Structures are given as C-alpha cells and as structure tokens.
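Biologist: I have a model open and want to learn how to read it. Where should we begin?

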Amino acid sequence: MNDDLLDAHCSMPELTEPRLALFTLSEAHELLDVLHHFSAIEDDWAAQARHFAAELAARVPSRDG
C-alpha cells in the first residue's frame, strides 16, 4: 500500500473490544462510501474499487431499508 494515500490526520480509534467476525451494517456502509470515492478516481485502483463496491452493495441492506 502506498503510504502517500494514508492521511496523517486520520487516526483509528484504539481497539478496546474484540472485533466482530463480520462488519456491522454501519461499518459496511462506511466502507461502501470509501469504495465509491476511490471508484471515481481514474487510476488502476478504480476498477477494483467499483468491483468491490458492487459486491458489497449486493450483500448489505440499503441505508433506506
């Protein structure tokens, strides 16, 4: 992974509880937002981002649902 893509101002919260085996619905939608953002960029990663966004969207209920 390219370190230039990491935002130095974005820090992940400290993990205090064990991780769930699956994403929560909220986490899945946040990941979809990130994938949609990267899918709009015209580079080698955009096609992969579009692919995984479509795969994830097919597996999680919509926000409106």
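Modeller: Begin with burial across the chain. Of the 65 residues in this protein, 15% count as buried. Keep in mind that the model is predicted. The protein exposes about 6,000 Å². Carbon and sulfur atoms supply 58% of that exposed area.

Biologist: How many helices and strands are there in the protein?

Modeller: There are two helices and zero strands.

Biologist: Next, the core. How do I read one, and which residues make up the largest nonpolar core here?

Modeller: The general idea comes first. Nonpolar side chains tend to be buried together in soluble globular proteins. In this structure, the largest nonpolar core has seven residues. They are Ala28, Leu32, Leu35, Ala49, Ala53, Leu56 and Val60. Two elements give two or more residues to this core: α1 (25-39) and α2 (44-57).

Biologist: Take one core member. What does Leu32 touch, beyond residues up to four places away in sequence?

Modeller: Leu32 touches Ala53, Leu56, Ala57 and Val60. Of the core residues, Ala53, Leu56 and Val60 are listed alongside Leu32.

Biologist: Now charges. How many salt bridges does a search of the whole structure find?

Modeller: Start from the principle. Side chains of opposite charge can pair when their charged atoms come close. The search finds two salt bridges. In one, the side chains of Asp33 and Arg63 meet at 2.7 Å, N to O. This pair links distant parts of the chain. Asp33 sits in helix α1, Arg63 in the segment after α2, and 30 residues separate them.

Biologist: Are Asp33 and Arg63 buried or exposed?

Modeller: Asp33 is partly exposed, because its relative accessible area is 39%. Arg63 has 54%, so it counts as exposed. The cut-off for exposed is over 50%.

Biologist: And which side chains meet in the other bridge?

Modeller: Arg59 and Glu55 do, again through their side chains, at 2.7 Å, N to O. Arg59 is exposed, with a relative accessible area of 61%. Glu55 is partly exposed, at 32%.

Biologist: Back to Arg63. What else in helix α1 should I compare with its position?

Modeller: Look at Ser26, which has its place in helix α1. Ser26 and Arg63 are 37 residues apart in sequence. In space, their C-alpha atoms are 8.8 Å apart. Ser26 is partly exposed, with a relative accessible area of 47%.

Biologist: What does His29 touch, leaving out residues up to four places away in sequence?

Modeller: His29 touches Val60, Pro61, Ser62 and Arg63. So Arg63 turns up again: it is in the list for His29 and in the bridge with Asp33. His29 lies in helix α1.

Biologist: Why is His29 classed as it is, buried or exposed?

Modeller: His29 is buried because its relative accessible area is 9%. Buried means under 20%.

Biologist: One last residue. Where does Ser39 lie, and what does its side chain reach?

Modeller: Ser39 lies in helix α1. Its side chain reaches the backbone oxygen of His36 at 2.8 Å. Leaving aside neighbours within four places in sequence, Ser39 is in contact with Ala46, Ala49 and Arg50. Ala49 belongs to the largest nonpolar core.

Biologist: Is Ser39 buried or exposed?

Modeller: Ser39 is buried, with a relative accessible area of 12%.

Methods. Residues are numbered from 1 along each chain as its sequence is written. This is a predicted model: local features need pLDDT of at least 70, side-chain atom pairs count only at pLDDT 80 or more; totals for chains, interfaces and linings use all residues. Side-chain values use heavy atoms; hydrogens and water are left out. A nonpolar core is a set of buried Ala, Val, Leu, Ile, Met, Phe, Trp, Tyr and Cys residues joined through side-chain atoms within 4.5 Å. Buried means under 20% relative accessible area, exposed over 50%, partly exposed in between (1.4 Å probe, protein chains only). Helices (H or I, at least four residues) and strands (E, at least two) are DSSP runs, numbered from the N terminus. Contact means heavy atoms within 4.5 Å. A salt bridge is a side-chain nitrogen of Lys or Arg within 4 Å of a carboxyl oxygen of Asp or Glu. A polar contact is a pair of N or O atoms within 3.5 Å; within protein, one must be able to donate a hydrogen and the other to accept it, and residues adjacent in sequence count only if both atoms are side-chain atoms. Accessible areas come from the Shrake-Rupley method with a 1.4 Å probe; for residues, only the protein chains shown count as cover.
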